Amino acid sequence: MAKEYANILKVGGVILPPPSTMKCTDSDITDSDRNAKGVMIMEMIREDVHKLECSWNILRPEEYMIIRRAIAQKYNLNTEYFIPEMNQRGTIKTYVGDRTTPVYCFEYINGERVPVYKGFAVNFVEM
């Protein structure tokens, strides 16, 4: 049976609404400089630090609040997702980067005016 690689994102055990886009980046942290001869000298501090950039095209208030409650702690979050270089799901400790929350419009639901969010984005950065 084939593995299912769903675009599921879990933060702190909470399944978030499926992101419209998830971009995974892994970076290396180095301390580098050039010596008197102009040759680069580099020390590898840490390899493969993950950053997960997520965005949602459209979110209704209840979906938006699921995300906001899950990321309220802002750091030391257990974030589970499909990690490409591992070719499997995994969990990493992350902190939450900047959040972008554009309100697209308002709609009436049960006589109440509620916002619709378009293009909400958040980054999860490995600690």
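Two aromatic rings of Phe, Tyr or Trp count as a pair if their centres lie within 6.5 Å. In this predicted model, a search of the whole structure finds three such pairs.

One of them joins Trp56 and Phe120. Their ring centres are 5.7 Å apart and their planes meet at 35°, so the pair is tilted; planes under 30 degrees apart would count as stacked, and over 60 as edge-to-face. Trp56 belongs to strand β4 (residues 40–59) and Phe120 to strand β8 (residues 112–126), so this pair ties together parts that are 64 residues apart in sequence. Both residues, Trp56 and Phe120, are buried.

Phe120 also pairs with Tyr64. Here the centres are 5.3 Å apart and the planes stand at 85°, so the Tyr64 and Phe120 pair is edge-to-face. Because Tyr64 lies in helix α1 (residues 61–70) and Phe120 in strand β8, the pair ties together parts that are 56 residues apart in sequence. Tyr64 is buried, as is Phe120. Together with Tyr117, the residues Trp56, Tyr64 and Phe120 form one aromatic cluster.

A ring can also have a charged residue over its face. Arg113 lies over the face of Phe106, at 4.3 Å from the ring centre.

Trp56 appears again in the largest nonpolar core. This core has 20 residues, and those that touch the most other members are Leu9, Val11, Leu16, Trp56 and Phe124. Two or more residues of the core come from each of β4, α1, β5 (77–83), β6 (88–100) and β8. Which residues does Phe124 touch, leaving aside those up to four places away in sequence? Among them are Leu9, Val11, Leu16, His50, Leu52, Ile71 and Val96.

Methods
Residues are numbered from 1 along each chain as its sequence is written. This is a predicted model: local features need pLDDT of at least 70, side-chain atom pairs count only at pLDDT 80 or more; totals for chains, interfaces and linings use all residues. Side-chain values use heavy atoms; hydrogens and water are left out. Rings of Phe, Tyr and Trp (its six-membered ring) pair if their centres lie within 6.5 Å; planes under 30 degrees apart count as stacked, over 60 as edge-to-face and the rest as tilted. Helices (H or I, at least four residues) and strands (E, at least two) are DSSP runs, numbered from the N terminus. Buried means under 20% relative accessible area, exposed over 50%, partly exposed in between (1.4 Å probe, protein chains only). A charge sits over a ring if NZ of Lys or CZ of Arg is within 6 Å of the ring centre and within 35 degrees of the ring normal. A nonpolar core is a set of buried Ala, Val, Leu, Ile, Met, Phe, Trp, Tyr and Cys residues joined through side-chain atoms within 4.5 Å. Contact means heavy atoms within 4.5 Å.
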